[in-house]
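Reader: I am new to this structure, and I would like to understand how the terms used for it are justified. Could we go through them with care?

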Amino acid sequence: MDGALSRTMTMNVRDDVHPIARGLYCPSQRSWFNPIPMAKAESTQAAARSWLRREQRAGTKAARPVLMWHVLGSIAAIGQAFAAASVLTAAFTGSLLDARALAAFGALAVLRAVFSYLTERAAFAAGAAARRRLRTDALSRLLQAGPALLRGRHSGDLATIVVDKIEALDGLFSRYVPAATFAVAGPSIVLLAVLYADPRAALVLLGCGLLVPVGMAIAGIGAAAASRNQFLAMARLQARFLDRVRGIATIVLYGRAEDEAASLGRAAAELRVRTMRVLRVAFLSSVVLDLSAALATVLLAIHYFGLLQQSGDVDVLWPALAVLLLTPEFFAPLRTFSAAYQDRLHATGAAESLVDLPPLPEPAPAREIRNVAAQGMTVAFDNVRLTWDTSRGPALDGLSFRVSAGETLVLAGPSGSGKSSVIEILLGFIHPDSGRATINGADITDLVPQALSRLTAWIGQRPVLFSGSIRDNILFARPEATTDEVIAAATAARLDGFIAGLPAGLDTKIGEGGYGLSGGQAQRIAIARAYLKNAPLLLLDEPTAHLDPATEQEVLDSLRRLALGRTVILASHSSAAHGFGGRRLDMRDGKAVSARGAA
Amino acid sequence: MGGPLFRIMGLWGRQTGWLLAGLGVSLAALAAGVGLMAVSGLAVGAALLASGLAIPALLRALGMARVVLRYSERLVTHGAMFRALADIRVWFFSRLARSSAGGLGFRQAGDVLARLVGDIDALDGLYLRILLPLASAVLLLPVLVLLLGHSSPGLATEIGALFAAAAFVLPWLAARASGRAGTGLAVEAGALRVAALDALTGLREVRAFAAEGRMLAAVQGKEAALLAAQQAMAGRTALAGAASFLCAQIAVLAVLIDAGASPAASIAAAFLVLAAFEAVGGLTRAGALAGHASAAARRVLEAADAPVPVPDPADPAAMPVAAGLSFEGVEFRWLPDRPMVFESLTLEIPQGARVALLGPSGSGKSTLAALALKVVAPRSGHVLLGGVDIATLPAALVRARIGWLGQATHLFDDTIRENLLLADPDADEPALWAALDAARVGEMVRALPDGMDTWVGEGGTRFSGGQGRRLALARALLSPAPILILDEPCAGLDAETERAFLETLNETAPGRTVILITHRLTGVERLDRIFRLSGGKAVAAAG
């Protein structure tokens with residue numbers, strides 16, 4: 001809630017909005033001009049900018065092959081222009097067909113085709129390598145940050161970052177970065193060739209070429225503005241449309257479909273009018289590029305026209321043709337760069353999501369526990385305090401208890417009393433603010449996650465079933481287990497009857513696009529996982545909260561069998577679970593209020 | 001392949017004028033560009049022959065025209081594009097609304113809809129990036145052949161054929177390849193998404209079973225498959241691009257070989273050919289884009305053409321005054337090959353009663369809401385509203401009597417006020433506050449700096465789950481509907497928030513019929529009757 005409020009405040013400070021974006025921002029507007037895309041915290045935007053700069057530098061190195069093929073292509077193009085000029089000059093002077101120049105032109109054409117193909121391949125490779133690296137990095141960070149992430153964010157949004165946002169970065173590395181480098185290198189190479197053909201023409205080209213950045217600076221907009229505006233406008237239109245389509249059932253059931261369709265049309269029209277007003281100015285920057293290219297062509301053509309007409313000198317023909325043929329080559333890299341700007345905008349949005357991801361933690365020195373299996377597991381909490389959110393008060397407020405090896409402890413109490421926090425500390429999802437939580441005397445915060453995982457089996461409210469077969473889902477607990485072991489675990493979890501009735505038995509696909517499972521069946525798969533894992537400490541967090549009473553009893557029976565011979569901590573506010581057996585610890589407001597043996 | 005795209009273009013009918021204007025300016029700008037290049041070649045040749053005195057003036061005019069026309073082209077075509085894509089969205093929204101309540105939105109996950117919206121977005125480039133370049137090529141071909149044919153008919157034919165190959169054949173091949181690859185790419189991308197969702201939805205499981213390395217490897221494996229498919233596709237497009245480039249080069253070579261016959265004309269021809277092929281060089285890429293757009297258009301049309309699930313009666317009965325709801329011998333299943341949800345459901349909910357419907361998942365609790373809202377129709381039996389069969393009533397009027405708050409209830413990315421007004425556009429300020437207070441969020445909203453004008457964020461993400469549910473409840477309470485259906489209103493809320501929400505519910509909506517659909521009761525609900533759904537029937541339970 002704190003976060004939501006502070007974001008709301010930021011949104012109202014209009015100064016943090018980009019000046020161009022402000023032109024589209026209208027707080028009194030009832031619809032369309034949703035300020036949220038621009039309301040990201042200033043710090044996120046700054047971090048995204050510096051992230052982009054860093055990645056662009058890294059990308060420039062990776063784009064060297066692309067640049068190389070580009071440069072070779074440019075050199076071949078120069079050769080072709082010279083060869084074509086030679087052929088045409090020879091035709092004019094009435095001499096024989098210049099076969100050598102003609103052959104050179106043809107050979108260079110083939111080379112250029114090959115170079116262009118290789119450029120595309122290299123560009124794809126640069127984009128793919130960057131995506132591979134960034135996706136692994138993003139997913140590693142999410143996996144390391146672990147379950148605590150799911151408290152504030154939806155897993156679907158996180159998956160969007162890993163899949164779509166990373167895909168959106170492709171253009172930055174495969175197109176924008178190479179184009180940005182080549183925008184200087186390409187014209188320079190062509191300029192050298194023109195310098196060789198006709199130094200005065202080189203001056204004209206240089207002057208017109210310099211007009212591009214100077215003109216854009218004077219216009220005060222830059223080629224960026226047009227793209228950014230169009231991009232923002234489109235992004236907002238698409239976001240708004242997606243939002244309306246996602247909620248279409250709500251709209252239809254309130255009988256407002258026609259009104260919404262009409263307002264959608266009105267709003268799109270409004271957006272168009274506003275955007276076009278900005279684009280009218282912003283497109284002037286493209287005019288600079290068009291103008292300088294046209295100006296160079298017109299000036300040079302008229303210059304050579306006059307020169308040739310006055311002198312009638314055929315010697316001027318070759319440089320004239322070469323220069324005029326090279327003029328488009330001079331401006332082509334600038335056009336490509338201007339077109340690739342869209343790719344950078346796509347990347348900016350993605351960068352803002354990526355810099356928001358949690359950083360990879362420092363690997364902490366950790367100890368292993370010895371002699372665990374031999375003597376069983378003893379768990380102890382000593383004056384443990386934990387606060388999730390200061391406004392809500394402490395979740396655990398000096399909690400102490402001890403569970404001996406082989407014992408069952410039932411944590412009872414209303415929700416919010418801190419039961420789940422106990423389980424999450426024991427799973428290593430979170431660390432206590434103060435106090436000690438120990439397993440066989442070793443502080444949990446000192447254990448490496450892998451060691452902790454080996455000791456514990458956990459069953460939560462709703463197990464996550466992965467896409468794949470039932471076998472895959474049980475094997476998740478221990479991938480190296482044999483089929484016999486999987487069948488034994490499934491049988492122990494009372495899944496055997498259910499599996500026998502399935503079309504493909506253990507290999508029936510479940511999850512997305514597969515066979516649907518009821519809550520009770522899903523929970524049995526979680527129990528089978530726990531059997532297969534066979535860990536000495538069993539942590540059960542409201543395992544029957546989402547089941548109807550009849551299924552709850554069946555699942556509790558299975559859990560009771562699983563509990564035999566293990567140390568068990570069961571958190572539940574269900575009265576049925578309190579007949580589970582073992583010692584009971586009543587909790588309220590993060591403290592133990594009473595402890596007694598249950599029947 | 002072009003079928004779906006033509007139908008999409010048919011939807012632009014209202015904007016024909018603008019689209020044609022854009023096309024006209026675009027072609028004029030192209031003519032000025034190609035003309036400038038050709039005349040600059042002509043200038044050099046003509047100068048030596050001491051002719052063409054008008055050439056400098058022509059060059060200046062063409063240069064000016066080029067700059068002005070390019071600017072106009074950008075403005076007009078972008079304006080036209082905005083108009084066209086607005087029309088497509090309005091059309092799609094209206095079509096989806098006809099059938100949406102039944103299939104999409106009510107039952108299916110939001111990501112199916114999100115993918116469809118992505119498909120619509122893919123159609124945005126249709127006019128600017130595919131249609132305009134293609135039209136330019138269609139115009140350029142005869143011009144090119146006519147201009148060249150003037151001096152050398154043989155050369156004109158040859159170059160015309162090369163131009164057709166570069167501008168039409170190769171792009172068509174690229175479109176076909178991308179259309180085919182599109183299916184494979186979509187499959188690989190889907191697999192990557194599922195692997196990522198598995199790893200992230202299961203973060204607790206992954207940590208508890210120390211499966212981080214395995215999950216990362218699984219995602220990397222799917223990514224490698226996607227990249228390989230993309231690489232193959234990119235390779236084919238690059239090949240088509242290189243082939244198109246070679247066509248241009250062969251054409252120039254043909255002009256050069258022929259240069260001896262008429263040198264001055266050849267110079268102009270070489271420049272003309274270079275400029276013309278340059279103008280269509282991007283068409284192979286446009287072709288690849290068209291392949292994707294065509295597949296997207298097919299999916300969009302499929303969704304838009306879905307049949308209306310429950311057509312309204314031709315001759316509707318009069319709306320009843322009473323607001324009791326009853327089911328008489330209702331038999332229903334979602335699809336012919338699925339098991340029956342209800343065999344013979346009979347259930348009576350009197351006006352003003354507060355009723356709970358219990359049952360495990362899959363027992364048809366939400367189907368009951370869908371039947372009452374005329375989202376689906378029973379196979380046999382009747383659903384009665386105030387004693388009148390709803391099959392004889394228009395869906396819009398039935399829905400006006402029933403407020404619905406379900407798991408799929410959506411908070412729009414808009415202000416709190418706009419979200420509330422959806423239920424009753426004419427509600428005044430006191431009515432809005434009364435609804436917020438009844439849902440116990442009035443205080444929270446008053447404390448916000450912008451009050452009711454605060455944006456709720458995408459899907460209500462600016463507020464906690466409990467607050468979001470209460471805002472949705474306030475909206476449902478604002479609607480004057482005498483019946484409220486609350487379908488698992490607490491799904492996804494933690495138990496404490498759930499309790500507080502249900503306690504709020506006890507004190508709101510006095511006098512309305514309240515139907516609470518849930519898998520279990522928490523004990524705080526105050527109810528008149530409790531029914532348990534099982535085996536396709538409703539059984540009265542103790543309460």
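Reader: Where in chain A is Glu542(A) found?

Author: In this predicted model, Glu542(A) is found in the loop of chain A between β9 (537–541) and α21 (549–563). Its phi is near 45 degrees, a positive value in a residue other than glycine.

Reader: What makes Glu542(A) count as buried or exposed?

Author: The label rests on a count of neighbours, and a residue is called buried if 20 or more other C-beta atoms lie within 10 Å of its own. Glu542(A) has 22 other C-beta atoms within 10 Å, and therefore it is buried.

Reader: Why is Asn383(A) called partly exposed?

Author: Partly exposed residues lie between the two cut-offs, which are 12 or fewer for exposed and 20 or more for buried. Asn383(A) has 13 other C-beta atoms within 10 Å, so it is partly exposed. Asn383(A) is found in strand β1 (residues 379–386) of chain A, and although it is not a glycine, it has a positive phi of about 55 degrees.

Reader: How do you know that chain B departs from a compact globule?

Author: A compact globule of 543 residues would have a radius of gyration near 24 Å, whereas chain B has 32 Å. The box filled by the C-alpha atoms of chain B, taken along the principal axes, is roughly 105 × 55 × 50 Å. Even so, buried residues make up 51% of the 543 residues in chain B.

Reader: What makes Ile161(A), in α6(A), a residue that meets α13(A)?

Author: Two residues are in contact if their C-beta atoms lie within 7 Å, and by that rule Ile161(A), Lys165(A) and Ala168(A) in α6(A) meet residues of α13(A), among them His346(A), Ala347(A) and Leu354(A). By class, this contact of α6(A) with α13(A) has 5 nonpolar, 3 polar and 1 charged residues. The axes of helix α6 (residues 155–168) and helix α13 (residues 317–355), both of chain A, come within 8 Å and cross at roughly 145 degrees.

Reader: How many residues of chain B are in contact with chain A, and which helix of chain B gives the most?

Author: Contact with 116 residues of chain A is made by 120 residues of chain B. Helix α3 (residues 55–100) of chain B gives the most to that side, with 23 residues. The residues on this side of chain B divide into 68 nonpolar, 27 polar and 25 charged.

Notes. Residues are numbered from 1 along each chain as its sequence is written. Chains are lettered from A and ligands numbered from 1 in the order in which they are written. This is a predicted model: local features need pLDDT of at least 70, side-chain atom pairs count only at pLDDT 80 or more; totals for chains, interfaces and linings use all residues. Axes are lines fitted to C-alpha atoms, for helices over the stretch in contact, and angles run from 0 to 180 degrees between N-to-C directions. Helices (H or I, at least four residues) and strands (E, at least two) are DSSP runs, numbered from the N terminus. Ala, Val, Leu, Ile, Met, Phe, Trp, Tyr, Cys and Pro count as nonpolar, Asp, Glu, Lys and Arg as charged, and the others, Gly among them, as polar. The radius of gyration is taken over C-alpha atoms; the globule rule is 2.2 Å times the number of residues to the power 0.38.
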